[in-house]
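Dear colleague,

I am passing on a structure for you to look at, and below it you will find my notes on what turned up. Please keep the view open while you read, and follow the residues along as they are named.

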Amino acid sequence: MRTASWILLTTVTILIVLGGLGSTFIAYFGAPSADAITPTTTLESLQVSEETATALRGRRGTAGAFAIAFASLLLFVILGPYRKGSLWAWWAILCSTSLLAGFAALRIPVLGITQGASTYGILLAAVIIGLLLDVSRLTNRRGGE
């Protein structure tokens, strides 16, 4: 099950990198109308100032960059110490992904928007499934650190 675990986690992490790259590409190179704020409105239909549109695109680019960086670091942990059986890597993956999903979910009660929140729920669920495939490492200390 350890092999299935790290393969699933690697697949999820690669999808995060691809999503981050897509978001960054749209922010920096996409047409302004491609930067949706809600499912039914775009920057053009909101008639926001050019400075505001640029700031929103910059924030999207920054979020995409952080997604790429998070996923890259996660990938190194998965393909290195996690794959070798390190116990701390199991907990690090669970903790970092839970924090990401938890803080992203704050958009619902704080901002009153649900757009994008399900993405983090799906991410957390996939990571938890991947970690549960190798939950035996929590009780079996063979080769773990």
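**Charges over rings**

Arg137 lies over the face of Tyr82, at 4.0 Å from the ring centre. Please bear in mind from the start that this is a predicted model, and that everything below is computed from it. A second arginine placed over a ring is Arg83, which is found over the face of Trp6, with 4.0 Å to the centre of that ring.

**Rings paired with rings**

When you go through the aromatic residues, it helps to know that a pair of rings is described by two things, namely the distance of the centres and the angle of the planes. How many aromatic pairs does the count come to? The count comes to 2 aromatic pairs. In one of them, the rings of Phe25 and Phe29 have centres 5.4 Å apart and planes at 45°, and because that angle falls neither under 30 nor over 60 degrees, the pair is called tilted. Both of these residues belong to helix α1, where they are 4 residues apart, which is about one turn of the helix. Phe25 is exposed, with a relative accessible area of 51%, and Phe29 also counts as exposed, at 61% relative accessibility.

The rings of Trp90 and Trp91 have their centres 4.9 Å apart, while their planes stand at 70°, so this pair is edge-to-face. Are these two residues buried, exposed or partly exposed? Trp90 counts as buried, because its relative accessibility is 5%, whereas Trp91 counts as partly exposed, at 46%.

**A buried serine in helix α1**

Helix α1, which covers residues 2-29, is also the place of Ser23. With a relative accessibility of 17%, Ser23 counts as buried, because the limit for that word is under 20%. If residues up to four places away in sequence are left out, Ser23 touches Arg60 and Gly64.

**A nonpolar patch on the surface**

Finally, please look at the surface patch of about 620 Å², which is nonpolar and is made by Leu99, Phe103, Leu106, Val110, Leu111 and Ile113. Which elements give two or more residues to the patch? They are α4 (87-105) and α5 (107-111). Phe103, one of the residues that make the patch, has its place in helix α4 and counts as exposed, at 60% relative accessibility.

With kind regards

Definitions and conventions:
Residues numbered from 1 in each chain as written. Predicted model: local features only at pLDDT ≥ 70, side-chain atom pairs only at ≥ 80, totals over all residues. Heavy atoms only, no water. Patch = residues over 30% accessible without salt bridge, like charges linked within 9 Å, V, L, I, M, F, W, Y side chains within 5 Å. Areas by Shrake-Rupley, 256 points an atom, 1.4 Å probe, with all protein chains shown as cover. Salt bridge = Lys/Arg side-chain N within 4 Å of Asp/Glu carboxyl O. Buried < 20%, exposed > 50% of the residue type's maximum accessible area, 1.4 Å probe, protein only. Contact = heavy atoms within 4.5 Å. Phe/Tyr/Trp six-rings, centres within 6.5 Å; stacked < 30°, edge-to-face > 60°. Lys NZ or Arg CZ within 6 Å of the ring centre and 35° of its normal.
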